[in-house]
Amino acid sequence: MTGETDLRKLLSGMRPELNPGRYVFTVAEDGVPAGVSPVVTVAEQEGLTLVVPQADADAAGMAYDYVAGWITLRVHSALDAVGLTAAVARALADAGLSCNVVAGFHHDHLFVPYEQAGRAVEVLRRLADAGR
């Protein structure tokens, strides 16, 4: 199950896919609350960061500031691949878009401002087309 390491192949094959829904970053001080289904968890000294559907956070009364769209890069990138995150971040930054990147075993996941998620997908598609 080795992922791709060739940057040209990663870029041309990334197939960015916008997942439905709104997602928020929040902190859980006593573990994941009942009824909350995180798509990402990160254990930090300050607490457990969760990325969850906004509706879950609202129902659990969890505080958040940032509402994001979730984009999955459908290419199977190797964890030791060099340059994909940098290229994606640069393209989005050049378009004036913030991006929070999370690497899964199979794919990279991007969280971008919700209202600009469609625009972010278009930027990424253009980047992929340029790599072909």
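In this predicted model, His109 sits in strand β6. With a relative accessible area of 18%, His109 is buried, because the cut-off for burial is under 20%. Once neighbours within four places in sequence are set aside, the contacts of His109 fall to Trp70, Ile71, Thr72, Asn100, Val101, Val102 and Gly104. Val123 is 14 residues away from His109 in sequence, and the two C-alpha atoms lie 15 Å apart in space.

Strand β6, which spans residues 108–113, also takes part in the largest nonpolar core. This core holds 21 residues, and those that touch the most other members are Met14, Ile71, Leu73, Val88, Leu92 and Leu124. Two or more residues each are supplied by α1 (7–12), β4 (67–73), α3, β6 and α4. Helix α4 makes the largest contribution, with 7 residues. Apart from this core lies another one, of 8 residues, which includes Val24, Ala28, Val36 and Met62. As a general background, nonpolar side chains tend to be buried together in soluble globular proteins.

Leu124 offers a convenient view of the larger assembly. Leaving aside residues within four places in sequence, Leu124 is in contact with Met14, Pro16, Ile71, Leu73, Val88, Leu92 and Leu110. Among these partners, Met14, Ile71, Leu73, Val88 and Leu92 belong, like Leu124 itself, to the residues that touch the most other core members. Ile71 is also a contact of His109.

The packing of two helices can be followed next. Helix α3 covers residues 84–94, and helix α4 covers residues 117–130. Their axes are 10 Å apart and meet at an angle of about 125°. The two helices are therefore oblique to each other, since this angle lies between the ranges that count as roughly perpendicular, 65 to 115, and roughly antiparallel, over 145. The crossing of α3 and α4 is right-handed. On the α3 side, the contact is made by Ala87, Val88, Ala91 and Leu92, and on the α4 side by Ala120, Val123, Leu124 and Leu127. By class, this contact comprises 8 nonpolar residues, with no polar and no charged ones. Val88, Leu92 and Leu124 thus appear both in the helix contact and among the residues with the most core partners.

Other positions on these two helices have a different setting. Ala86 is part of α3 and is exposed, since its relative accessible area of 54% exceeds the 50% cut-off. The C-alpha atom of Ala86 is separated by 22 Å from that of Thr41, with the two positions 45 residues apart along the chain counted as their sequence distance. Arg119 belongs to α4 and, at 42% relative accessibility, is classed as partly exposed. Not counting residues up to four places away in sequence, Arg119 touches Ala95, Gly96 and Leu97. The C-alpha atoms of Arg119 and Ala95 are 9.0 Å apart in space, although these residues are 24 apart in sequence.

Two loop residues complete the description. Arg15 is located in the loop between α1 and β1 (16–28). The phi angle of Arg15 is near 40°, a positive value in a residue that is not glycine. Val32 lies in the loop between β1 and β2 (40–44), where a relative accessible area of 39% makes Val32 partly exposed. Beyond four places in sequence, Val32 is in contact with Pro38, Leu48 and Leu50. For one of these partners, Leu48, the C-alpha separation from Val32 is 8.3 Å, with the two residues 16 apart along the chain.

Methods. Residues numbered from 1 in each chain as written. Predicted model: local features only at pLDDT ≥ 70, side-chain atom pairs only at ≥ 80, totals over all residues. Heavy atoms only, no water. Helix = DSSP H or I, 4+ residues; strand = E, 2+ residues; numbered from the N terminus. Buried < 20%, exposed > 50% of the residue type's maximum accessible area, 1.4 Å probe, protein only. Axes fitted to C-alpha atoms, helices over the stretch in contact; angles between N-to-C directions. Parallel < 35°, antiparallel > 145°, perpendicular 65-115°, else oblique. Left-handed = near helix turned anticlockwise from the far one by under 90°. Contact = heavy atoms within 4.5 Å. Nonpolar A, V, L, I, M, F, W, Y, C, P; charged D, E, K, R; others polar. Core = buried A, V, L, I, M, F, W, Y, C linked by side-chain atoms within 4.5 Å.
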